[in-house]
Amino acid sequence: MDTHAPLPDRPLADVLVELGLDRETSKRIGVLWGKSRRHGGGYINLLVSHLLDTAAVAEQLWECFLPVQTRHLLDRVSGSRGRPFFMWLCAVHDCGKATPAFQAVDEEGAAQVRAAGLEWRDSRLQRRRWRHDKAGGRLLHSVLESRWDEQNIAWVWPLIAGHHGAFPSKVTVLKKYEARDEHQGTYREPWKAVQWALIEIITRALGYTSLEAVEPKGVLTKAEQLTISGLIIMADWIASDSDHFEGVEDIAQVSLRRSRERAAKAIRELRLRGGWGALDEPTAQDLVKLRFDDESRPFQKELVEAVRHMTHPGLVTVEAPMGEGKTKGALAAAEVLAARFGCDGVFVGMPTQATSDPIYSQVLTWVSEFDEALKSQVALLHGKKMFHPEWRELWHAEDGSPDTRFAGVDCDDFGMDDIFAVGGQQTGERSGPARWFLGRNRGLLTAFAVGTIDQLLYAATRTRHVMLRFAGLAGKVVILDEVHAADVYMSQFLTEALRWLGQARVPVILLSATLPPAQRSSLTDAYLHGALGATGSSGTALPAPAGYPSVTVAYPEQGEALCVTRSAESWRSSQPVSLEWLPDTSDQGLPVASRVREEMADGGVALVILNQVDRAQNVYRELKDAYPGQVHLLHGRLCAAHRADRASLCVTALGPKADRPERMIVVATQVAEQSFDVDADLLVTDLAPVDLLLQRIGRLHRHEGVFRPAHLRTPRVLVTGVNPDTRPHPTMLKTSEHIYGRYMLLRTLALVNEAGDKGWSIPEQVPDLVARGYGEELLCEPSLQEDELDARSEWQAKERNRAAEAEGFLLSRPDHRSKPTLEGLHHIGTTASEERDLQALVRDGSPSVEVIIVRRAPRGLTTVDGEWVGVQGEASEQVREAVLGGLTRLPSRLAEAAEELIPLEGWRDDPWLRFFPALVLDEDGWAPLGSERVGYDQGLGLLVQRTN
């Protein structure tokens, strides 16, 4: 069978004759229902019709969506019959519906089935619910056990048993369900005949001569199985959309030809497609210049050259100074990797929503260099994308909200979560990504996706439908920026994800300016462990980078790990940066404000990064009156609209080639720490671990050709949030100790003291400073070494505990990693599914609580900026964006109290607003919340005061 030739359109009647089925069995096949009238567009959809519809959707996905890499693995495992094999897997996904437990669910359908002579014991069904996904795994296993080799059955049946989002254990499916099957007694044999016939009919209808001819030629890796599982679910969800697959009640009207027509129309109207397709490897000598119209820097050339020499997909670790052009270099390298290894798109993961936004704009520009139409395949994956101007521009106003009719409806068809409504007819001309991809768990399936690193971490959790997320990553090039920002808890999910990506042979590019050597080794080892599995060793010593910037590539070669490192000169020479203590550990920050006023008296740009929102607000209060209109506050408790506007203002005013103001002061929290492309003349910063301190220094004298006042022409850093001279031990800001731990702060303090008057040479010293900061040698002066050792013990204990806490949520348990199949993967999983719950899961915290702030006025309610929204919040589409602009994140300590908040009555039918609770501020500007009261100031942002 030619995998690239169309399958024959065999009439179902011919298949029935060929199989020699008796009249009763044929009649019974013709009444089994797959979708009830309620979910079939007003018509019952026969089970055989739904199975062929799903196979036809799979064929469409093969043609227009599956990456070359995925098609190759299906061809490899099926003996060059990848397309029909994929269609067959998708077709048999719902074979478990040919059971009494399922057929009894719908009263109308059940009556037809019983009239055809298929019976069941109602009392048994009422006491024992039989989920059709698990029943399908059991059924397929029993049909295949005399036809296929056991190792092939072992990896295929879980794909069917897990198609509702969780992989059950073998004991659950093959033992417990076998016992339940026995309870049907004398009714069992007619059902068995129908079940076996159904699978044979589908097999023959897809062009196979027998079930033996379907048998795969080997076993896919577990990561590859997870990918195919996600794609089976995708095909099922599309084929379950009654807008495109109306029920077919007469088996005489069922055929593969008709299903193909329906599937082609559905895919066309849903606008589902992949990315590049088969991409030719670029031959341009300067790929950065070709795509971005900028001359390649030496490091970017080394990066592209390094991936050109890779013979297999692998891990590429890029370490380069802040502002070196890592992102552009990574995108150029991704093009080469995609062409070499059959990838069809890119996922770019950033540390925060704010850092994702500018990268989204950059990726839009980049993909348009290949084909302007590809811009419609770029998704921004975070909850505040509606505030991104380019996202809004791509989406017409009438299409800018999620289509909640088709967001995935949970319904109880005999005790199971089943998603029927999944698509939706789209009308009118549109230019944005296909709306289907906006549904839960589907965003990563878009060809080009930009979002927070959380999106990748979710794909490493033992949660329902995780296979959809993983399928979205497989077949892409994955780029992760600022990977040093992952703490020990997040790193457990990151290494788990890399282990699975390595096994799936997904090329990954890691970017960082300040990556500790131990973290580099851990991430590389995780990827290689996945790529090599049990066939090789991942313990190859990782060579230390020979310079800075550096590129390290690691990939499997003939069962062993091959690691190569290259380095290049930085595009700009190192410069001395002076460091000076500014003692202050108060919440008010008055010494900080006083010193900044002095430094800015003759003009210039100062960036003040503080570790506490209250402290930043107080410093802003002290400075704004001294320099009206020249001081800007940026932190995570600003409402969405204000934060977006202020971040844009800062980047515009202080970015490359900007017309800089005479004086500007930006007071910020850690949101300005990284991926914030601004240039400051002076940096004032609270003490932080050395890698993060260096990230903050990366905003200092960042761009060339900038005019600076005479007193600020030498890069200077004032380090505060600590009093280094108090005895017997330095005092530190309590918030800093809570966030980072005393141990890392003590070590950074020692490195700053060690620099003395000569300061640091940046970027030359960055790798050494990070290595020492995270190394084992004692750094503090002798009088503080006991403090350092005590702090180390406490820090190490907390790190171990946090790593252990994450382990229970990782995609695979340690005892499951060596198993060759997905059977039992979801044993003792987590029920987290909502975005906020998943974020809390991978970031070790309480679920974030976001509310929309509205104000009570004499005539009703207004937005946070004073725009009228009615008496009950009945906002029109014209003011919806202004209402959403009030979206604000509350401190985690208020999460429990905020559970009592609900959306306004007028938001109940709004596709966006109905998901957000309202925080209504009284006319005095405050609202009680738990034991505190909350207000919002246009300049300061969210204010929280204790009431006792």
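In the predicted model, the side chains of strand 17 alternate between two directions: Leu682, Val684 and Asp686 point one way, Leu683 and Thr685 point the other way, and all of them are buried. Five of the five residues of strand 17, which covers residues 682-686, are thus buried, so the strand is largely enclosed by the rest of the structure. Strand 17 is joined to strand 14 (residues 604-609) by four bridges, and the two strands run parallel. Within this pairing, Ala606 has Leu682 of strand 17 as its bridge partner. Strand 17 also pairs with strand 18 (residues 716-720), again in the parallel sense, over five bridges. Here Val684 stands opposite Leu718 of strand 18.

A comparable description applies to strand 16. This strand spans residues 663-668 and is mostly covered, with six of its six residues buried. Arg663, Ile665 and Val667 lie on one side of strand 16, Met664, Val666 and Ala668 lie on the other, and both faces are covered. Strand 16 is paired with strand 14 in the parallel sense over six bridges. The bridge partner of Val605 in strand 16 is Met664, a residue that is itself buried. Strand 15 (residues 631-634) is likewise joined to strand 16, by four bridges and in a parallel arrangement. In that pair, Leu634 stands opposite Ala668 of strand 16. Strand 14 is therefore recorded with parallel pairing both to strand 17 and to strand 16, as judged by DSSP bridges, of which at least two are required for a pair.

A further sheet has antiparallel pairing. It is open and consists of three strands in the order 27-28-29. Strand 27 (926-929) and strand 29 (941-946) stand at the edges; each has a single partner strand, so one side of each is left without a neighbour in the sheet. On average, and with direction ignored, neighbouring strands of this sheet are turned by 30 degrees against each other. Strand 28 (residues 932-937) is joined to strand 29 by six bridges, with the two strands running antiparallel. Glu932 stands opposite Arg946 of strand 29 in this pairing.

Among the helices, helix 30 was examined for its length, burial and packing. For its 14 residues, a rise of 1.5 Å a residue gives an expected span of 20 Å, and the end C-alpha atoms are 20 Å apart, which agrees. Helix 30 is mostly covered, twelve of its 14 residues being buried. The buried residues include Leu745, Thr748, Leu749, Ala750, Leu751, Val752 and Ala755. Just after helix 30, Gly756 adopts a positive phi of about 55 degrees.

Helix 30 (residues 742-755) packs against helix 32 (residues 785-807) at an angle of about 140 degrees, and the axes are 8 Å apart. The two helices are therefore oblique to each other, because only angles over 145 degrees count as roughly antiparallel. Helix 30 contributes Arg742, Tyr743, Met744, Leu746 and Arg747 to the contact, and helix 32 contributes Asp787, Glu788, Ala791, Arg792 and Trp795. By class, the contact residues comprise five nonpolar and five charged residues, with no polar ones. The residues contributed by helix 30, namely Arg742, Tyr743, Met744, Leu746 and Arg747, are also among the buried residues of that helix.

Several loops carry backbone features of note. Two peptide bonds that precede proline are cis. The bond from Arg727 to Pro728 has omega near 5 degrees, and Pro728 lies in the loop between strand 19 (722-723) and strand 20 (731-732). The bond from Ile762 to Pro763 has omega near 10 degrees, and Pro763 is found in the loop between strand 21 (760-762) and helix 31 (766-773).

Positive phi values occur at two residues that are not glycine. Arg271 has a phi of about 60 degrees and is placed in the loop between helix 15 (256-270) and helix 16 (287-292). With a relative accessibility of 25%, Arg271 counts as partly exposed. Asp293 likewise has a positive phi of about 60 degrees, and it lies in the loop between helix 16 and helix 17 (298-308). The relative accessible area of Asp293 is 58%, and this residue is therefore exposed.

How values were computed:
Residues are numbered from 1 along each chain as its sequence is written. This is a predicted model: local features need pLDDT of at least 70, side-chain atom pairs count only at pLDDT 80 or more; totals for chains, interfaces and linings use all residues. Side-chain values use heavy atoms; hydrogens and water are left out. Axes are lines fitted to C-alpha atoms, for helices over the stretch in contact, and angles run from 0 to 180 degrees between N-to-C directions. Angles under 35 degrees count as roughly parallel, over 145 as roughly antiparallel, 65 to 115 as roughly perpendicular and the rest as oblique. Contact means heavy atoms within 4.5 Å. Ala, Val, Leu, Ile, Met, Phe, Trp, Tyr, Cys and Pro count as nonpolar, Asp, Glu, Lys and Arg as charged, and the others, Gly among them, as polar. Buried means under 20% relative accessible area, exposed over 50%, partly exposed in between (1.4 Å probe, protein chains only). The expected span of a helix is 1.5 Å times one less than its number of residues.
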